[in-house]
Each structure stands twice: as C-alpha cells, then as structure tokens.
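Q: Please take a close look at one strand of this protein and at what surrounds it. I am a first-year student, so keep the sentences short.

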Amino acid sequence: MFNSSNRGRESAPSSSQPANGNGKRAAAGSGLFSVIGPDVTVTGNIVAAADLHVDGRVEGDVVCGALTQGTDSAIHGGVTAETARIGGSIEGAVRVRQLLVERTARIAGDIEYEMITIESGGQIDGALRRVTSLTLTPAAPALLASTAKAEIEETQLVA
C-alpha cells in the first residue's frame, strides 16, 4: 500500500503556503488555516483566529487574520482582516491593512486600508479611505472562546 522509498520523507511544501520549521503549513503564525468550500453557505458572523479561505457564500461579517476569497465566492457583510486578497464579491464595508483587489473582484461598500492594490478590471462601488494606522480588533483565541458558543448557535451550514 505504501511505497517504502517515500518513508521518512516529507512532501515538498507548495508555493502557495509557506512552511514553518517542521514542514507544516503556517498561517499568521498560528499554524491554522480554515476553508469554506464552494458548496457551503454560512449564515452568521465568522470570527477566525486562523487564516481563512472562502470559496463559498457567507451571509454575515468576517473577522480573521488573513482572508483569501475565491473568484466565485460571495460575502454579504463586513470584512475585517490584517490582509485580504479579494477575488469574488463583497457587499459590505471592508477594513484591511493590506488589500489586494483582483481583476474578478466586485466590492460594494466603503473600504478603509493602509495599502491597496487594485488589478485592472477589479470593481469597487464605494468610498476608499486610506488611513495611516488602522486599528483592527484581532481575532484572538480569547475572543473566540467568549463568542464561540453564540456564533455556533447563530450559524447554520447549508451544503
């Protein structure tokens, strides 16, 4: 079942995610990475200490360390993150230190940022406001512990 020539060897890390010293994927120093797949709809707010990749649909606010949004995904609510790479649609306010708006992105809402890159074709329908020091509420484990029960009770997953 297993090829003995592969024993004891770790697979090479992919170029899309950096590896930490022990070969595991790292995300914002926490080692965590969460994914909302294309067949998932989340109704309710998301608070994640981990980095978050959204390919599905979110009906609520998103707070995380780093957000990566797929081209066919949609977020109907506000987004707060340290960094964000937006490829889908967002209907709501965006507060991000470092923002990349990809050519497929559609944002309907005001944006506060420290650094922004907008690829040719990316669409924004709202006010852009550059701030020199953006104060973000970190998605810390303590915050998660205090809100986890309420968030779970409010959130419904539909596949």
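The answer below centres on strand β6 and then moves outward to its neighbours.

A: Start with the whole chain. This is a predicted model. Its mean pLDDT is 77, and 65% of its residues reach 70 or more. Over residues 1–28 the pLDDT is below 50, and beyond near neighbours in sequence this stretch has 20 contacts in the model. Residues 139–156 also have pLDDT under 50. For that stretch the model has 22 contacts beyond four places in sequence.

Now the general layout. The chain has one helix and 15 strands. Of its 159 residues, 33% count as buried. The accessible surface comes to about 9300 Å², and 51% of that belongs to carbon and sulfur atoms. Take the contacts between residues at least 6 apart in sequence: 14% of them join residues at least 24 apart.

Next, strand β6 itself. The strand covers residues 62–69. β6 is mostly covered, as seven of its eight residues are buried. Val-63 is one residue in this strand. Its relative accessible area is 19%. The cut-off for buried is under 20%, so Val-63 counts as buried. Look across from Val-63 to Val-47. The two are 16 residues apart along the chain, yet their C-alpha atoms are separated by 4.8 Å.

Which strands pair with β6? Begin with β3, residues 46–47. Two bridges join β3 to β6, and the two strands run parallel. Here Ile-46 stands opposite Val-62 in β6. Then comes β4, joined to β6 by three bridges, again in parallel. Val-54 has Gln-69 in β6 as its bridge partner. Last is β8. Six bridges join β6 to β8, and this pair also runs parallel. Thr-68 has Arg-85 in β8 as its bridge partner.

Side chains come next. The largest nonpolar core has 24 residues. Those with the most contacts inside this core are Ile-46, Leu-52, Leu-67 and Ile-86. The elements that give two or more residues to the core are β4, β6, β8, β10 and β12. So β6 is joined by bridges to β4 and to β8, and β4, β6 and β8 each give two or more residues to the core.

Pick out Leu-67. What does Leu-67 touch, leaving aside residues up to four places away in sequence? The list runs Leu-52, Val-54, Ile-75, Val-79, Thr-83, Ala-84, Arg-85 and Ile-86. Two of these names return from the core: Leu-52 and Ile-86 are, with Leu-67, among the residues with the most contacts there. Val-54 is familiar too, as the bridge partner of Gln-69.

Arg-85 leads outward from β6. This residue touches Leu-67 and is the bridge partner of Thr-68. Its side chain also meets that of Glu-102 in a salt bridge, at 2.5 Å from N to O. Arg-85 lies in β8, residues 79–86, while Glu-102 lies in the loop between β10 (94–101) and β11 (106–108), so the pair ties together parts that are 17 residues apart in sequence. How covered are the two partners? Arg-85 is partly exposed, with a relative accessible area of 41%. Glu-102 is buried, at 13%.

Why can such pairs form? Side chains of opposite charge can pair when their charged atoms come close. The count for this model comes to six salt bridges. Another one joins Arg-95 to Glu-112, with the closest N and O atoms 3.1 Å apart. Arg-95 lies in β10 and Glu-112 in β12 (residues 111–118), so this pair, too, ties together parts that are 17 residues apart in sequence. Arg-95 is partly exposed, with a relative accessible area of 29%. Glu-112 is partly exposed as well, at 22%. Salt bridges that share partners also join Glu-82, Arg-97 and Glu-114 into one network.

One more salt bridge links Glu-59 and Arg-57, whose closest N and O atoms are 2.7 Å apart. Glu-59 is partly exposed, with a relative accessible area of 28%. Arg-57 is partly exposed at 35%.

Back to the strand, to put the picture together. β6 has seven buried residues out of eight. Parallel bridges join this strand to β3, β4 and β8. Through Leu-67, β6 touches Arg-85, and Arg-85 in turn forms a salt bridge with Glu-102.

Key
Residues numbered from 1 in each chain as written. Predicted model: local features only at pLDDT ≥ 70, side-chain atom pairs only at ≥ 80, totals over all residues. Heavy atoms only, no water. Salt bridge = Lys/Arg side-chain N within 4 Å of Asp/Glu carboxyl O. Buried < 20%, exposed > 50% of the residue type's maximum accessible area, 1.4 Å probe, protein only. Helix = DSSP H or I, 4+ residues; strand = E, 2+ residues; numbered from the N terminus. Core = buried A, V, L, I, M, F, W, Y, C linked by side-chain atoms within 4.5 Å. Contact = heavy atoms within 4.5 Å. Areas by Shrake-Rupley, 256 points an atom, 1.4 Å probe, with all protein chains shown as cover. Pairing = 2+ DSSP bridges. pLDDT = per-residue confidence, 0-100.
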